[in-house]
Amino acid sequence: MMNIGYDVYEIDYQVIFLLLKFAKQNKLKILHLRKKDDMYSFHIPTYQRYILKTFDQPCYYIKTIGFMKYILFLSKQYLNMLGVVCFLGTVITCSYFIFDIEIIGTMPAVNQQMITDLKKEQVNLFYPLKSYERLNTILADLKTLYKDKVEYISVYQVGSVFHVEYTKRKQDQIEKDDFRNLYAKKDGMIASFDVESGLIQVKKNDYVKKGDLLVSNTIVSTQNKTKIIPVKGHVYAYTFNQYTASIKNVKQDQAELFYQLLLAIRNQIPANAIIDKENVLQMTKTRSKITLKVHYTLLEDIAIKGEENEESH
């Protein structure tokens, strides 16, 4: 149950052990237990005050803190209780439904199409907010739909607002007669080729490093003549990557925390990459934050154009 307020009490130190025994038997949450002189002060969730009333030793109510403090204050001021109920209903409703959709990107046509595609994913105004598992599915679907137009895409929820952010894919500056070689933009193990023109310099299962030549623009004919040809195509490789994400350490269900961190990490993966393997390396927790570290084997196009050969003309 969500805690919206706490009651602060004091109790004589002589009966503190009786209180702790009572709390254990009745599942009463006791927080911030502190000793001051001959008294102990402690907090309990406001919704559990009825449990404490059954304790047969005197407990002295001090005050209420948190959100419930203001509700009680308004009630004591003879505020119309229907208004309080409506206010609470609005707060609770806002925490479960989508009240706005924000798409951050530079292509109006894509923005408009995304609204249509999001509706197919059941993302619309007044629809329920999505779980972290569902957000991950929506992210994967959008990556597939917009892989030719979008370089990076991210989906997340803040409050009752559903966000989509993306960056436009950089278009090749030279579409025809591009004589530049293809080089590896990162380390990886060659998986497959989709080369329309050019001389492939590596083979499947080769391990290449960043900067290695993948497809050359130079061929030698049977007459031992050298010829420069255009280069066009893709070289796919398995790459090995490690991503990390952190969030503030707050009281929350551990499964939700894990999926929240996992989604944040998956948002870092390039839009055109396919996850081959996903291994959780470490999940650490400090007083201020929780950090998740995951290792990925990705299948992606690692070919990038190099400088144009000066002998091409």
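**Exercise 1. Overall make-up**

What percentage of the 313 residues of the protein count as buried? Work from the predicted model.

Solution.
- Start with burial: 33% of the 313 residues fall in the buried class.
- Next, list the secondary structure: 7 helices and 18 strands.
- Then turn to contacts between residues at least 6 apart in sequence: 64% of them join residues at least 24 apart.

**Exercise 2. A helix pair**

Describe how helix H6 and helix H7 are arranged. Are they roughly parallel or roughly antiparallel?

Solution.
- Choose the descriptors. Packed helix pairs are described by the angle between the axes and by the distance between them.
- Locate the helices. H6 covers residues 132-145 and H7 covers residues 254-266.
- Read off the values. The two axes come within 9 Å, and the crossing is at roughly 15°.
- Apply the cut-off. Angles under 35 degrees count as roughly parallel.
- Conclude. H6 and H7 are therefore roughly parallel to each other.
- Add the hand. The crossing of H6 and H7 is left-handed.
- Name the contact residues. H6 supplies Tyr132, Glu133, Leu135, Asn136, Leu139 and Lys143, while H7 supplies Glu256, Tyr259, Gln260, Leu263 and Arg266.
- Sort them by class. The contact of H6 with H7 has 5 nonpolar, 4 charged and 2 polar residues.

**Exercise 3. Arg49**

Place Arg49 in its helix, then find which side chain joins the side chain of Arg49 in a polar contact.

Solution.
- Arg49 belongs to helix H2, residues 49-52.
- Its relative accessibility is 25%, so Arg49 counts as partly exposed.
- The partner is Asp7: a polar contact of 2.8 Å joins the side chains of Arg49 and Asp7.
- Now look along the chain. Leu28 is 21 residues apart from Arg49, and their C-alpha atoms are separated by 9.0 Å.

**Exercise 4. Two strand residues**

Is Ser216 buried or exposed? Which residues does Ala191 touch, not counting residues up to four places away in sequence?

Solution for Ser216.
- Ser216 sits in strand E12, residues 213-216.
- The relative accessible area of Ser216 is 7%. The cut-off for buried is under 20%, so Ser216 is buried.
- A polar atom of the Ser216 side chain lies 3.1 Å from the backbone nitrogen of Thr218.
- Leaving out residues up to four places away in sequence, Ser216 touches Asn181, Gly198, Leu199, Gln201 and Val231.

Solution for Ala191.
- Ala191 sits in strand E9, residues 188-197.
- With 13% relative accessibility, Ala191 counts as buried.
- Leaving out residues up to four places away in sequence, Ala191 touches Lys204, Tyr236, Ala237, Tyr238 and Leu299.
- Take Lys204 from that list. The C-alpha atoms of Ala191 and Lys204 are separated by 5.5 Å, with the residues 13 apart along the chain.

**Exercise 5. Positive phi**

Where are Phe126 and Asn205 found, and what is the phi of each?

Solution.
- Recall the background. Most residues other than glycine have a negative phi.
- Take Phe126. Its phi is near 70°, a positive value in a residue other than glycine.
- Locate Phe126: the loop between helix H5 (108-120) and H6.
- Check its accessibility. At 57%, Phe126 counts as exposed.
- Take Asn205. Its phi is positive, about 80°, although Asn205 is not a glycine.
- Locate Asn205: the loop between strand E10 (199-200) and strand E11 (207-208).
- Check its accessibility. At 51%, Asn205 counts as exposed.

Notes
Residues numbered from 1 in each chain as written. Heavy atoms only, no water. Axes fitted to C-alpha atoms, helices over the stretch in contact; angles between N-to-C directions. Helix = DSSP H or I, 4+ residues; strand = E, 2+ residues; numbered from the N terminus. Parallel < 35°, antiparallel > 145°, perpendicular 65-115°, else oblique. Left-handed = near helix turned anticlockwise from the far one by under 90°. Contact = heavy atoms within 4.5 Å. Nonpolar A, V, L, I, M, F, W, Y, C, P; charged D, E, K, R; others polar. Buried < 20%, exposed > 50% of the residue type's maximum accessible area, 1.4 Å probe, protein only. Polar contact = N/O pair within 3.5 Å; in protein donor to acceptor, adjacent residues only side chain to side chain.
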